[in-house]
Amino acid sequence: MTLADEGGVGLADVAKALGVDLVDVPAEVVALSPVLTSAEFGCALPEKSLALALEAQVDKARARVLLASLADGSKGRKNAAVLWVPFTVGVSDLPVVGPLLPSGVDVGLSGVGVLAASKAFTQPEAAAVNALLSGKSAVALPEPLVAGGAVRVEARLGTVSQVIELRPKAKPKKHKRTLGAGQIAGWWEVSRAVGPVRVERVGAVYTAGKVGVLLDAQVSAGGLVLATRGLGVEMPLKAPHTPAPHLDGLGIGFTRKPVTITGELLNLSPPPKGYRFAVAGMAVIEVPTISVEAVGFYAHPQAGGEPSLFLFGTLGFCGQRGIGPPQFRITKFAAGFGYNSSVREVKLAQMDDFPFMGMLKSEQTAGDAAATSLAALEKLTKSSAGQKAWVSPQPGQVWVAAGLEFVAFEFVTAQALALVEFGSVLTAQVLLHAKAAFPKAPAAPYGQVEVDAAANYSSSTDTFSLDAKIKDGSFLLTEDCHVGGELAVRAWFGRSAHPGDFVFTLGGYYPTPNGDQDRPAHYPTAKRVSLTWQTPVGSVEGTAYLALTPSAFMVGSLLKVAWAWWILSAGFEAQVNALVQWAPFHFEVSVDLKASAQVDLGWAGKPSGEVSISIDVFGPPVGISARFTFWGYEFPIEIGEKKTDKPKPLTGERFRADLLPHATGDSGKSQENVLAVRPLTGLEAEQQAAAKLPAIRRVSALAFSFETHSAVPATDVYLNGTHVAKPKDKTLLDIRPMGVSGDHGATSAHRIKLTRDKTAVPIDAEKWGVQVLSAPVPKALWGKKEPTPKVVEKDTTRSDYYTGVRIGVPAPYATSTVVWKTKAADLGMESATQRPLPLSASDKPAGPRPKPWNQEGKKDNPEKSHVLVIAEEIAGRKEVRRDLWAALPKGLCPAKADDAMTGYAELAGQRLCSEPLFASGWESK
């Protein structure tokens, strides 16, 4: 059977006719469009199977196509298509490795093909299809055949070859060519020497419409090792199919005692967005006493951009030698910087994965430094688990880092790293890992504690955080006595979501009926500080916590002891919890003790007994409540006031004295400091630098603005008597410590009065840029009263009150100006011939000779500085100036021009920047 078509019959056309889906196959491969030249057909009627082998012309190569179809029981048919294009591409012309390959031995590709199957073919089914053809087609179905699409590449090493299949890892979405979305590679493990070149593996790769061969190989000579990573050739599947070299990385190593040098350079492909190419590298130099490790990165930008780079390195002292006294020996230094680069925030749980901290540790054995640095380099520059790389390009950001590893008192080893990043965002991080063991190795330790800590501040959130934890594996006395616990600190500043709030917790919070539901969502969690000791005859368990928030302090502990021997068992439990709240003041202290015992008599039963006592101390009003339980009988005891859920409100006088801010006045006494006025712009430079601002301040009339702030929030704001802000949603002022809230709330007015010469200034709110401010205020002071005491609130602040006003004084502007009438004749030109010039070239100077500046009053010229003369004598010459003022037209000078000019005299030393020429001895008559 012969097929003929003037334009050629393409693979896509034939596959479509047979119902074979090529969705997994790259468009570049499908677009090869072979022109059929011959065909071979085979079929088996009983099995309802058929095969068609076609030979076609693809560019200058002879391509072969196999189409197969097989009955699939009652489920229809299963179809498959294979395309194979032979060609030769080798690496013998590449640098480093190519010249070293023996003549006639090459590493490369022998062909590329496409494989697609609608359903899987078992080995017998694929073999049956292949048997239908004579074998002259030189193309067959793989036995067995997996469903889906794949690119097949034949790699060769000398006379040996291997077919490598490249398949997408994930199930493709409909109408999406997954092989074209990224790079897919397959490897052929070789581990074979070819001349002086040792080939570790040969790979095939498909990426971005190109297929290629990769080679991991190395060359060794005289202690020097030169290795390639991903060296190979890529060929576009689109014409003209010009091969191009490819290199993922290049490594170098040199070993000659006592020196070991290792280096690696990686080509990061694809580069980060906005950059043309990116490379990363590492280097390690080791000698018996010290080692140097460094990792780096450089990304070249697109046109118009700036490069991104970073460098981080360590200097270590081998064998725990270090420098410094035995009490504190430094064993490793670290430093680094980044330009147009950003470091991802390091969470406490991620410290073990942060490469910079890993490079600071000296626990690796000799020769491991290179592996550590290479692993660090890959982690730093590659994203994983949906997160961006540890260090990534970020235009405008610059960071610096410094760290050290040290040994303290011979049994504490620690690594500390500080990193500061600045630019559009300011970030500071401090990381610490410490391990203490006693006694020190090689003796078996009686105690070991390992701690991680991470502190962070970011201007983007304006929040400080500190987290620390005792790591798993820490113990005391014996390895069966485990210790643990966590610490967390948070502080929210002015631009954060919760300004003024803070929390310190070691081991968690006061136990409440709802547990974590009573904790604000922005408060961190912390596991209890714990001790757990299991022994063959019993156990000891203990926990403790301590916490401080803006509204409460809490502390507590729990101890459980269990013992069992033969038929006897006993237990003891002690628990203490203390809570102190303020605004209003309230405290609770509870102590619970319980002891129990049991005897196991088998068939006779398990008699047991329990004794417990609980004591609660609370106030105000102060009272004690106790319960004593013995053998199931309870005896209550009440002393003092009964416990109430409603603490006594504060009086207004106590509230102002205890909870409003105070400051020391000029008289030395404490006084309320509720209101404040702060200049924002326009304050003169010399006053900005002054340690203490004067009572009356000089400001610029061009750009002066200021802000008022009140520690007592307001429901209303008045500006020169005008009501500029009314209560939000008719909200009244709640004062929790006084029990004032809701419909019984108070009103608070923030009044501002601006005057000029004791007269109110008319203010246009738009021209003056009036802004009413609403900063968050703590609910502990200004929240609604709670029916029962609570440790913390889910939202500790509120923003529905006014806390101040921002005002900008309008810049001065010109008003209407009087223009004097001038005669045209006065503006005319005077003829030089009618009136001679007052001076000629032959005239000699007359009158007193001007003297230069003499600021110091030297002996050879003892007269005062002229600036000093003006400052000291201008006020005394009022009478001299009066004659001049009287001679001038009355409308020309303002009425106040005839004064003593004392103000000018005071400013003469500041306003006269250089010494004026001065004709001394002149007096007006």
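## Close-up views of a predicted model

**Figure 1. The hairpin of strand 20 and strand 21.** Four residues lie between strand 20 and strand 21 in this hairpin, where Gly423 takes a positive phi near 150°. The model shown here, as in every view that follows, is predicted. Strand 20 covers residues 412–422 and strand 21 covers residues 427–438; they run antiparallel and are joined by ten bridges. One of the bridge partnerships sets Val412 against Ala436 in strand 21. Strand 21 also pairs with strand 22, again antiparallel, through twelve bridges. In that pairing, Ala434 stands opposite Val451 of strand 22.

**Figure 2. The chain as a whole.** This view places the close-ups in their setting. The chain contains eleven helices and 47 strands. Of its 925 residues, 37% are buried. Among contacts with a separation of 6 or more, 53% involve residues 24 or more positions apart. The exposed area of the chain is about 53100 Å², and carbon and sulfur atoms supply 59% of that area.

**Figure 3. The aromatic pair of Tyr457 and Phe493.** The structure holds 17 aromatic pairs. In one of them, Tyr457 and Phe493 meet edge-to-face, with 6.2 Å from centre to centre and 65° between the planes. The pair links distant parts of the chain, as the two residues are 36 residues apart. Tyr457 belongs to strand 22 (residues 447–458), while Phe493 lies in the loop between strand 25 (478–492) and strand 26 (502–506). Tyr457 has a relative accessibility of 21% and therefore counts as partly exposed. Phe493, at 38%, is likewise partly exposed.

**Figure 4. The aromatic pair of Phe655 and Trp782.** Phe655 and Trp782 also form an edge-to-face pair, with 5.6 Å between the centres and 80° between the planes. Because Phe655 lies in helix 6 (residues 652–659) and Trp782 in helix 8 (residues 779–782), the pair ties together parts of the chain that are 127 residues apart in sequence. Both Phe655 and Trp782 are buried.

**Figure 5. An aromatic cluster and two arginines over rings.** Phe297, Phe310, Phe312, Phe354, Phe356, Trp390 and Trp399 form one aromatic cluster. Arg344 lies over the face of Trp390, a member of this cluster, at 3.8 Å from the ring centre. Elsewhere, Arg751 lies over the face of Tyr718, at 4.4 Å from the ring centre.

**Figure 6. An open sheet of four strands.** The strands follow the order 37-38-47-44, and their pairing is antiparallel. Strand 37 (675–681) and strand 44 (771–773) stand at the edges; each has a single partner strand, so one side of each is left without a neighbour in the sheet. From one strand to the next, the twist averages 20°. Six bridges join strand 37 to strand 38, which covers residues 705–710. Thr681 has Ser705 of strand 38 as its bridge partner.

**Figure 7. An open sheet of three strands.** The order of the strands is 40-39-41, and the pairing is mixed. Strand 40 (722–725) and strand 41 (749–752) are the edge strands, each pairing on one side only. The twist averages 30° from one strand to the next. Strand 39 (residues 716–719) and strand 40 run antiparallel and are joined by three bridges. Tyr718 stands opposite His723 of strand 40, and Tyr718 is also the residue whose ring face lies beneath Arg751.

**Figure 8. Two cis peptide bonds before proline.** The peptide bond from Glu143 to Pro144 is cis, with omega near -5°. Pro144 is found in the loop between helix 3 (123–131) and strand 6 (148–157). The bond joining Phe438 and Pro439 is also cis, and its omega is about -10°. Pro439 is located in the loop between strand 21 and strand 22.

**Figure 9. Positive phi at Phe409 and Trp566.** Phe409 is not a glycine, yet its phi is positive, at about 55°. The residue lies in the loop between strand 19 (391–408) and strand 20. With a relative accessible area of 54%, Phe409 is exposed. Trp566, another residue other than glycine, has a positive phi near 55°. Its place is the loop between strand 29 (552–565) and strand 30 (568–581). The relative accessibility of Trp566 is 70%, so this residue counts as exposed.

How values were computed
Residues are numbered from 1 along each chain as its sequence is written. This is a predicted model: local features need pLDDT of at least 70, side-chain atom pairs count only at pLDDT 80 or more; totals for chains, interfaces and linings use all residues. Side-chain values use heavy atoms; hydrogens and water are left out. Buried means under 20% relative accessible area, exposed over 50%, partly exposed in between (1.4 Å probe, protein chains only). Contact means heavy atoms within 4.5 Å. Accessible areas come from the Shrake-Rupley method with a 1.4 Å probe; for residues, only the protein chains shown count as cover. Rings of Phe, Tyr and Trp (its six-membered ring) pair if their centres lie within 6.5 Å; planes under 30 degrees apart count as stacked, over 60 as edge-to-face and the rest as tilted. A charge sits over a ring if NZ of Lys or CZ of Arg is within 6 Å of the ring centre and within 35 degrees of the ring normal. Two strands pair if DSSP finds at least two bridges between them. Axes are lines fitted to C-alpha atoms, for helices over the stretch in contact, and angles run from 0 to 180 degrees between N-to-C directions.
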